[in-house]
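Reader: I should like to learn how to read a structure of this kind. May we proceed by questions and answers?

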Amino acid sequence: MPGLLPAPLVPPGERRGLVWRLLIVCAVAVVTATVNWATKPAQAAPRSGIGEALVYSFAISLLTWLFIDIGRFVLRRPLRAEPPGWWPPPLRAAMLLALGIAAGYVLGTGLGDLYAGVSTWSLLRDNPNRFTGLLVSSLAISAAFVAYFFQRGRSEALARQAREAQLRLLQSQLEPHMLFNTLANLRVLIGIDPPRAQAMLDRLIGFLRATLDASRSDRGTLAAEFERSADYLALMQVRMGPRLSVALDLPDALRSAAVPPLLLQPLVENAIRHGLEPHLAGGRIELSARRDGAQLVLTVRDDGAGLGGRPQSGSRLRETSTSVRDDGAGLGNASPPGSGFGLQQVRERLRALHGARAGLELRAAEGGGTRAEIRLPWSEAP
Amino acid sequence: MNLPAAPIGAPIGAPIGASIGEPITAATTALIAEDEPLLAAALEADLRRLWPGLQIVARAGDGHAALEQALALRPTLCFLDIRMPGLSGLETAHALAEDWPAAGAPFPLLVFVTAYDQYAVQAFDAQAVDYLLKPVQPQRLAQCVQRLQQRLATQDEGPQRLEAALQQLRGLLGAAPAAAPLAPLQVIQAQTGHTVHLVPVEDVIYFEAADKYVRVVTAEGEHLIRMPLRELLPRLDPARFWQVHRGTVVQARCIASARRDESGKAFLQLRGRPETLVASRLYAPRFKGM
C-alpha cells in the first residue's frame, strides 16, 4: 500500500548490480588516479603524492556514481524510472546523466582541492588548455561508463524478463486441469479404443516435448509451431468431441519462418478456454499465417463467446474478464491463477525479442467470436 | 461404446420410508452432468458396473441442461462436473437447491467431479461434500458408491436432505477464495441508445439478473446494464448489498420486512417499490429476528 510503508530506497533485485557498479567505479578511480599522477607535467605544480590524485579521482567518480546510480532510485517518481532496469525515459535519463556528471565533477574537484589545499579553478586562469584537457577526459570517462552500465542494465533486465516469461509459459502449459482431463480421456480410450488411445498419447507426447523445449529455447520454425498447435487441438478435440472443429492454414512458403516456440499456444488456449468452452454449441478455431512485406502475420480466430459484447478498450476485457469459467471460480468469482497471463505473456515475449517491431492485437471477429493477430518481423530459421 | 443395459433388480440403496406426496420410486436414479463425452460415457459405464441397480436417467453436457433435466426427472443422485459450459457444477447445484420443489422427491445427493481444483477440493473436504477426481480411480468410485448407498439407507427423507445440502452449499459459498479486492462501485452507468444514465449505487433498491443483462431498479424506474451479476457482485459492498437469490441482490436498507414460509423461502417487502422479492432457501436464514 503506497504511503503506509516506506518503499525501500533501492529495490531488492537491483542491489547486487549497484554494488558491482560501485566496485567497478572504485577500480576505475584507482586506475585514473595512477594515470593522472604519472602523466602530470612536472612544471605544472610541485610534484604531489599519489594520495592527492586518488582523492580527486575517488571524489569525482564516487559522487558521479552516487548522483546517477542512487539518484535514479531516490528520484524514481519524478524521473519516471520504472522496472525493468529502473532507467528513466531517454530525455530524463540524459538530463540525469548530464547533471550527475557535472555535479560530480564540480563537487569532487572541490573536495580534492580542499584536501590538496590548491584551487583547480585557478588552473582555468593559468593554464586553460590543461584544465580543459582534464575536464574533457574525466567527463568522457564518466560518460563512457554510464553508457556501458545503462546498456548492460537494460539487456540484463530484458533477459530476466524473457526468462520469467518462459517460466510462466511453462507453468501455464502444464496446467493441471488440462493435464488431468486429458489423462482421464486417455484412460477411457485405453479401455475401449487402444489405437485411438495411442494416437492421443502421441499427441500428448508431442505437446509435452514442445512445451519443455520451449522453456529452454527462443528459436523455432512456424511449421513446428503449427504442428504443436495441431497436437493441442487434437487433444482438445478428443475431449470436447463434436463441439470443436479446427482448421489450420500454413502456406508452404512460410514453413521455415522463425518464431519463438509456443508463441501461438496461449492464443489457441485462450480461444478454447474463453471463446469455445463456455459456448454451449462449441465452435471452430482457425489458425492461419501469411506474409505481409517484411512482417509475418499469424491469426487465431474463433467463433465462440466473443469479447463479452461490451465496448472494447483494447484487449483488457478478455484478459481480466471474470466471466471466465473456471473451477476456482465455481466457488466464487475469482479468475484462477494464470488465466489472465496468456495474452500478456505473448506480448512480453514479443517485446523482449523484437521490441516495438512486433505486437499482438485482439478484436471482435466479424460474424462473432474473437480474432487475435500477431505481427512480427519476418526472418527465416537457420 | 458398448455398455450392458442396466439389469433390473432390487436397488441396493433404495430410499426407505415414504417421501411427501409421492410413493417411493423403485429404482435409484442418477443424472450425469459432464461436458466431455468420453468421460461422461466412462463414468456411466463404471457406475453401471459398480452399482447394477442404479438407473442413469440422464446425461447432460452443460449446466443449464443438467439443471433442467434434474428438475424434470428428479434423480436420486447428481454427478456434477465442476467445469461445464453454461453453468458450472456448483452453480448448477446452487440453482437446483433454490428451485427444487418443496413437496415431492427428496433433494438429490450431489457428487462433484473435477480434474484439479485446489480451492474446490479443500472446500469439499471442509463441508464433507462428496467429490471425485478425474481420472476417476475405480477404488475411489467404489468408495463413493458405498458412501452414497449408506447415506440413502440411513438418511431421512426430503426436508432433511435438502437442509443438509443447503448447509453444505452455504459452506461452499462462504469458502470461495477471496477475489482480488475491487474498489466498490459508486455509480452505475447504464446506457440507452446514445445516452448514459448515471445511477448512484445508494439509489439502487435491487439488482436482478435478466438473461445476459442486469436490471438496476431504483424508486424512480429501472435501467439495464450488460455487466453480468457475477461480475457486478464483487464490486458491491457486501454489508450494504445482500444477495438474496442467485439472481437478486438487494440493498439492505431498502428491505422493509421479510416473511418466511414453510418451504424455507422468504418474501421481502421493499421500501420504495411495490413488488415483493423472493429470498431463496439458500439465503433466507439471513432474515431472523435479533
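Author: We may begin with a hairpin in this predicted model. The strands β9(B) and β10(B) form a hairpin.

Reader: How many residues lie between β9(B) and β10(B) in the hairpin?

Author: Strand β9 of chain B covers residues 213-218, and strand β10 of chain B covers residues 222-225. The two pair in the antiparallel sense over four bridges. The number of residues between them in the hairpin is three.

Reader: Which residue in β10(B) is the bridge partner of Val217(B)?

Author: The antiparallel pairing of β9 and β10 of chain B runs over four bridges. Within β10(B), the partner of Val217(B) is Glu222(B).

Reader: Which are the edge strands of the open sheet in chain B that has the order β13-β14-β15?

Author: Three strands form this open sheet, and their pairing is antiparallel. An edge strand here pairs on one side only. In chain B, the edge strands are β13 (255-260) and β15 (276-279).

Reader: Which residue of β15(B) does Phe267(B) stand opposite?

Author: Strand β14 of chain B, residues 266-270, pairs with β15(B) over four bridges in the antiparallel sense. Opposite Phe267(B), in β15(B), stands Val278(B).

Reader: Which helix gives the most to the largest nonpolar core?

Author: This core has 126 residues; among those touching the most other members are Val268(A) and Phe79(B). Val268(A) has contacts that include Ser229(A), Tyr232(A) and Leu233(A). With eight residues, the element that gives the most to the core is helix α9 (residues 222-240) of chain A.

Methods:
Residues numbered from 1 in each chain as written. Chains lettered and ligands numbered in written order. Predicted model: local features only at pLDDT ≥ 70, side-chain atom pairs only at ≥ 80, totals over all residues. Pairing = 2+ DSSP bridges. Core = buried A, V, L, I, M, F, W, Y, C linked by C-beta atoms within 7 Å. Buried ≥ 20, exposed ≤ 12 C-beta atoms within 10 Å, placed from the backbone. Contact = placed C-beta atoms within 7 Å. Lists of a residue's contacts leave out its neighbours within four places in sequence.
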